[in-house]
Amino acid sequence: MDFNSILTLLRPEISLLAVTLILLVYDLVAGPAGRKYFQTVAFVLVALHVVGSFFPVPEGELFGGMFQTTRMGTLVKAILSLGTLLVFLQVSESLKKQESEYKMGEYYVLTLFTLFGMYIMISSGNFPMLYLGLETASVPLACLVAFDKYKHHSAEAGAKFILTAALSSGVLLYGISMIYGTCGTLYFADVPSLLDMSAMQIAGMVFFMAGLGFKISLVPFHLWTADVYQGAPTSTTAYLSVVSKGSAAFVLMLVLFKVFAPLAYIWKDLMYGLIIVTITVANLFAIRQNNIKRFFAFSSISQAGYIMLGIMGGNAEGMASLVYYVLIYVLSNMAAFGVISAIDTRTGKVDISDYDGLYSTNPRLAVVMMLALFSLGGIPPFAGFFSKFFIFASAASQGYYVLVLIALVNTVISLYYYLLVVKAMFIKKSDNPIPYFRTDSPMALSLVVCMAGVLLAAMGLFKLGAVIRFIPYPVVVGFTAGI
């Protein structure tokens, strides 16, 4: 290990830290006149980081194997960075409010530090490094959840999140201690050869899965999710539902494949039951919700169950399907949360019933929400259909036909409650609909990126000819540019 290899393998982390420190110093030294350009500087720096993160990083390891880089891990980091940039674009208008403007710098810095923690998790080569990344991501997230601390629901959500995070970390550490006590090592590469299928090792694996199950919001570890999503600022809710969930899902898959492969016959049975319960319970509870943020909380729990199907594939196809699903989920969910954030910022309305007649006053926002919901529900020809198809195919290739059938039935249920929102926007009438308004430029740009991504990702796979594949881009840009 030399200095050049450190700079090469740690390039995404160094780039992210540089952006974070620049913004931190800028916020400290800039006067009132300089702070007016803070968001512009942040957008440019984070956008440059996102572009750079898509360039490949050589595979290798540092610090005796504690830090490891892989091509798939580098891709996941880039996807999470893209999701973070979309969150920054969508939070722009709400941070300009008088009660939030003075906290603008803190929001960006805290969010980037959580992203750095997720980077560490993804590249961890042993359990201490994974735990360090997990806590680096979780502690700033608690601050973001309670960002509107003078609002009762936000303060309550922050308290619930930090208590749940502490509990889940304790459960995870307890499982790690059992693995260390029986194997005598904490390195991912060494543990598999030392597993002897003892009861303590199996218990350690179960506790580890439970600890990460809290982070992913798998049932029955999901009870915090709806309350936290409802009370947190909308932008933080979006960040929790896509970026945080995506990183934890990838890390769980990584550890199960690399560390607990000899115990696959056990954890696959556990995951089998978790997936069924997670998808089914979340879908049934989503139908009962009227608050749009609680609605998407249960939707995200259900989506977590589908993401776990990629783990059941147990091969390269399953890993690729999981990463592709996370990418499409980021784009689709961020499009939906962009509409929610825009409406919440301008009107404060967060109930599904408030969306009655939205198409009559804000047709573009209604159409963006509809397309995002169709993608989340897996309706062809949107990208969400292909992401679900690949996930189902990877699980079916391993013989999990009953599990795939149950997931397909639950997809129909999810289509029903997604269509409830579409019905409210396009069919139901309201005597007092949400008034017409224009979103700011950063929000419009984020919606353009999300919609272009959802349609282009689908059309790139849907082989109907070059002309059809390239039609959606100018159409969607022209449509959403007027939002």
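Which helix supplies the largest share of the lining of the second largest cavity? Keep that in mind as you look through these close-ups of a predicted model.

**View 1. The structure hides three cavities of 30 Å³ or more.** That count comes from a search of the whole structure. The largest cavity has a volume of about 190 Å³, while the second largest holds about 60 Å³ of space.

**View 2. Here's the largest cavity, with 20 residues lining it.** Look for Ser138, Leu141, Phe161, Lys215 and Ser244, the lining residues that lie nearest its centre. Sorted by class, the lining has 12 nonpolar, six polar and two charged residues.

**View 3. Several helices chip in to line the largest cavity.** Two or more lining residues come from each of α7 (104-122), α8 (127-145), α9 (152-183), α10 (199-216) and α12 (234-258). The top contributor to this lining is α12, which gives five residues.

**View 4. Now for the second largest cavity and its lining.** You can pick out Gln68, Thr69, Thr70, Gly73 and Thr74, along with Ile122, Ser123 and Ser124, and then Phe250, Leu254 and Lys258. By class, that makes three nonpolar, seven polar and one charged residues.

**View 5. A strand and two helices each give at least two residues to the second largest cavity's lining.** They are β2 (67-69), α5 (71-95) and α12. And the helix from the opening question is α12: its three residues make up the largest share of this lining.

How values were computed:
Residues are numbered from 1 along each chain as its sequence is written. This is a predicted model: local features need pLDDT of at least 70, side-chain atom pairs count only at pLDDT 80 or more; totals for chains, interfaces and linings use all residues. Side-chain values use heavy atoms; hydrogens and water are left out. On a 1 Å grid over the protein atoms alone, a cavity is a set of points where a 1.4 Å probe fits but cannot get out, and a pocket is an open set with protein on both sides within 12 Å along at least five of seven lines; lining residues have an atom within 4 Å of a point. Grid points are joined across faces, edges and corners, and a volume is the space filled by probe spheres set on the points. Helices (H or I, at least four residues) and strands (E, at least two) are DSSP runs, numbered from the N terminus. Ala, Val, Leu, Ile, Met, Phe, Trp, Tyr, Cys and Pro count as nonpolar, Asp, Glu, Lys and Arg as charged, and the others, Gly among them, as polar.
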